[in-house]
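Thanks, everyone. I have a few minutes on the packing inside one model, and then on its rings. Please bring up the sequence and the structure.

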Amino acid sequence: MSGGASGVRVRLEPWEDSALCLELLRRVNSPAMTSHLGGPESEERLLVRHRRYAELTGPGAGRMYRIVLSETAPPERGEGDEGGGTAGSIGFWERSWRGESVYETGWAVLPSFQGRGIAAAAAREVARAAAAQRTHRYLHAYPSVGHPASNGVCRKAGFTLLGECEFEYPVGAMMRCNDWRLELWPPS
């Protein structure tokens, strides 16, 4: 469990093939939540994503999670918070980046939970989970250069800004991103 700058505490619950996780995915698929990612996906693509998230397990493969607020410091219940403290999603997965295998991370925090340090606390927790795999030394995040909140999460979670880059997301569309990197363990 990790605390944010505001003292909020989160825990990460593994993504499951459940109605709760699917509904969370639908909620983070809103136009407002996906404006920096090319817009909402179709229901068909969401179902494929949900299955992929539920199946992302195993040594070194990565993992998706629900971000859940800790019972030790429950915040005010947000509007539309039917998930009982489910604030969003986060995960890490393998990718090839500049000729090297790394982990990538990404998150989505529901609007009623934003601005409380939840995403940064969750990013620190997901970094611990990725480091425990001892598979890849680096965890990268690629937020749009025009998304100050996500870039702020990277900074608060201890990532180092490596610079701007072109990044394909969604498939077939290029976007201008910042490449943030976190070293999961020191070189031996």
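The largest nonpolar core in this predicted model has 45 residues. Those with the most contacts inside that core are Ile67, Ile90, Phe92, Ile118, Leu139, Phe159 and Leu184. Which element gives the most to the core? That is helix 4, residues 118–133, with 10 residues.

Take Ile118 from that list. Setting aside its neighbours within four places in sequence, Ile118 is in contact with Val8, Val10, Ile67, Leu69, Ala87, Val109 and Phe113. There is also a second, separate core of 8 residues, and Tyr138, Phe167, Met175 and Cys177 are among them.

Back to helix 4. Of its 16 residues, 13 are buried, so the helix is mostly covered. As a check on its length, 16 residues at 1.5 Å each should span 22 Å, because the expected span is 1.5 Å times one less than the number of residues. The end C-alpha atoms of helix 4 are 23 Å apart, which agrees. Arg134 follows the helix, and its phi is positive, near 50°. Arg134 also lies over the face of Trp185, at 4.1 Å from the ring centre.

Now the rings. How many aromatic pairs does the structure hold? There are 5. One of them is Phe92 with Tyr103, an edge-to-face pair at 4.8 Å centre to centre, with 85° between the planes. This pair links distant parts of the chain: Phe92 sits in strand 4, residues 86–97, and Tyr103 in strand 5, residues 100–109, 11 residues apart. Are these two rings' residues buried or exposed? Phe92 has a relative accessible area of 1%, so it counts as buried, the limit being under 20%. Tyr103 is buried too, at 0%.

The next pair is Trp97 with Phe167, and this one is tilted: 5.9 Å centre to centre and 50° between the planes. Trp97 belongs to strand 4 and Phe167 to strand 7, residues 160–168, which puts the partners 70 residues apart. Trp97 is buried at 11% relative accessible area, and Phe167 is buried at 5%. Ring pairs join Trp97, Tyr142 and Phe167 into a cluster.

Phe167 brings us back to the second core, which includes Tyr138 as well. Over the face of Tyr138 lies Arg181, at 4.0 Å from the ring centre.

That is what I had. I'll take questions now.

Terms used: Residues are numbered from 1 along each chain as its sequence is written. This is a predicted model: local features need pLDDT of at least 70, side-chain atom pairs count only at pLDDT 80 or more; totals for chains, interfaces and linings use all residues. Side-chain values use heavy atoms; hydrogens and water are left out. A nonpolar core is a set of buried Ala, Val, Leu, Ile, Met, Phe, Trp, Tyr and Cys residues joined through side-chain atoms within 4.5 Å. Buried means under 20% relative accessible area, exposed over 50%, partly exposed in between (1.4 Å probe, protein chains only). Helices (H or I, at least four residues) and strands (E, at least two) are DSSP runs, numbered from the N terminus. Contact means heavy atoms within 4.5 Å. Rings of Phe, Tyr and Trp (its six-membered ring) pair if their centres lie within 6.5 Å; planes under 30 degrees apart count as stacked, over 60 as edge-to-face and the rest as tilted. A charge sits over a ring if NZ of Lys or CZ of Arg is within 6 Å of the ring centre and within 35 degrees of the ring normal.
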